[in-house]
Amino acid sequence: MNAAIKTRLAATTGAIGVGVAGLTYGVIEAHRFIVRHVEVPVLAPGSSPLRILHMSDLHLLARQKAKRKFIRQLATLNPDLVINTGDNFCSADSLQPLLDDMSELLQRPGAFVFGSNDYLVPEFKNPLSYLLSGRSHQADKPVPELPHEELRQAFTSAGWLDLNDKSATLEVTGRRLAFRGTDDAHHNRDHYEEVAGPPNGEADLNIGVTHAPYLKILDAMVSDGMDIVFAGHTHGGQVCLPFTGAIITNCDLDTDRVKGLSQHSCGGHTGWLHISAGLGCSPFAPYRTFCRPEATLLTLVPQP
């Protein structure tokens, strides 16, 4: 074997080794669940704090014991309000385990919107095309549906607000909260015009909720005076690089705001934006790198 062949063989072997190691690490990190704690100065001066649990993108399968245990433990955080921004489950037989694991959280005030993995069974997508285009695409052929109406009924029966292209108000810890939300913009189910308009002047806080943080939704909500907007969908980039972070966002949002708390400005208004990196991922891409799966407890406090 000549030197050139030996060099190519060594390089190929090394690349395969790095790839296997990276994939192994990514599968491990996808199980390193964490609760993040964030403080948001958004309430009126003199207000008492409000604790909001933001959960998103569970992508639950019944066999995922570690994730299910983590979800059950979230109730011990004692949130005043739960906001769920969609993509809850991946198979019909995961619906009841999901509801069982969320049973204590469903006893608390809550609001929700749906993502595509509340409506449709996930399917395999070429990860290379996803990385090249920067977002996943809707299937060209019919995809089996998930029991989304059963999920909706379970959530609303527990008293949670259905914000899919709807608005509503809710009293939480003596405060009046006004909500508006959209259905999944990633699959063009959103109809913001159904909830558009000025903020509720009688509310202590105006909150926007959506699954996928496309700029058209964020711009509209902030322009209309929402104090804070909640979204998920991005998985925090899911496959991130050390130091540089996310490569893509799976929408048209910039990678600097792919997860966590930031601000968004449009139409002369500025509002807070919180994007959850989510608790799960597609069963066809069960890995994360430098982006641990998360739920977030946000403590809303008075503005300075």
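## Close-up views of a predicted model

**View 1. The largest nonpolar core of this predicted model.** Here we are looking at a core of 30 residues, the largest nonpolar one in the structure. The residues with the most contacts inside this core are Leu53, Met55, Leu74, Met102, Leu151, Phe155 and Leu279. Several elements chip in: β2 (50–55), α2 (65–73), α3 (95–101), α6 (148–157) and β14 (294–302) supply at least two core residues each. The largest share belongs to α3, which brings three residues.

**View 2. Methionine 102 and its contacts.** Zooming in on methionine 102, one of the residues with the most contacts inside the largest core, which partners turn up once its neighbours within four places in sequence are set aside? They are Met55, Ile71, Asn84, Phe155 and Trp160. Of these, Met55 and Phe155 are also on the list of residues with the most contacts inside the core. Apart from this core lies another one, made of 24 residues, including Leu43, Leu81, Leu161 and Leu170.

**View 3. Helix α6 and its buried side.** Four residues of α6 are buried, namely His148, Leu151, Arg152 and Phe155. Why do they sit on the same side of α6? They span an arc of only 100 degrees around the axis, so they end up on the same side of the helix. The cover over these buried residues includes β3 (81–84), along with α3, β4 (110–112), α4 (116–119) and β5 (161–162). Just past the end of α6, glycine 159 has a positive phi of about 100 degrees.

**View 4. A salt-bridge network that takes in two residues of α6.** The structure holds 11 salt bridges, and this view picks out a network linking Glu149, Arg152, Asp162 and Lys166. Glutamate 149 and arginine 152 form one salt bridge, with their closest N and O atoms 3.0 Å apart. Both residues lie in α6, three residues apart, or about one turn of the helix. An α-helix has 3.6 residues a turn, so residues three or four places apart point the same way. Are the two partners buried or exposed? Glutamate 149 is partly exposed at a relative accessible area of 41%, whereas arginine 152 is buried at 17%. Aspartate 162 and lysine 166 form a salt bridge too, with 3.5 Å between the closest N and O atoms. In this pair, aspartate 162 is buried at 11% relative accessibility, while lysine 166 is partly exposed at 41%.

**View 5. A salt bridge between distant parts of the chain.** Glutamate 294 pairs up with arginine 36 in a salt bridge whose closest N and O atoms are 2.4 Å apart. Where in the chain do the two partners, glutamate 294 and arginine 36, come from? Glutamate 294 belongs to strand β14 and arginine 36 to strand β1 (residues 34–43), with their positions 258 residues apart in the numbering. Glutamate 294 is buried, with a relative accessible area of 2%; arginine 36 is partly exposed at 30%.

**View 6. The six-stranded open sheet.** The strands run in the order β6-β7-β8-β9-β13-β12, with mixed pairing. At the edges stand β6 (167–172) and β12 (260–266), each with a single partner strand, so one side of each has no neighbour in the sheet. From one strand to the next, the twist averages 30 degrees. The pairing of β12 with β13 (residues 269–275) is antiparallel and takes in seven bridges. Within this pair, glycine 260 stands opposite isoleucine 275 of β13. Helix α7 (residues 215–223) lies across β7 (175–181), β8 (205–209), β9 (228–231), β12 and β13, and runs at about 70 degrees to β12.

**View 7. Two loop residues with positive phi.** Neither residue shown here is a glycine. Aspartate 87 sits in the loop between β3 and α3, with a positive phi of about 60 degrees. Histidine 233 lies in the loop between β9 and β10 (240–241), and its positive phi is about 80 degrees. Are these two buried or exposed? Aspartate 87 is buried, at a relative accessible area of 4%. Histidine 233, at 5% relative accessibility, counts as buried as well.

Key
Residues numbered from 1 in each chain as written. Predicted model: local features only at pLDDT ≥ 70, side-chain atom pairs only at ≥ 80, totals over all residues. Heavy atoms only, no water. Pairing = 2+ DSSP bridges. Axes fitted to C-alpha atoms, helices over the stretch in contact; angles between N-to-C directions. Contact = heavy atoms within 4.5 Å. Core = buried A, V, L, I, M, F, W, Y, C linked by side-chain atoms within 4.5 Å. Buried < 20%, exposed > 50% of the residue type's maximum accessible area, 1.4 Å probe, protein only. Arc of directions from axis to C-beta. Salt bridge = Lys/Arg side-chain N within 4 Å of Asp/Glu carboxyl O.
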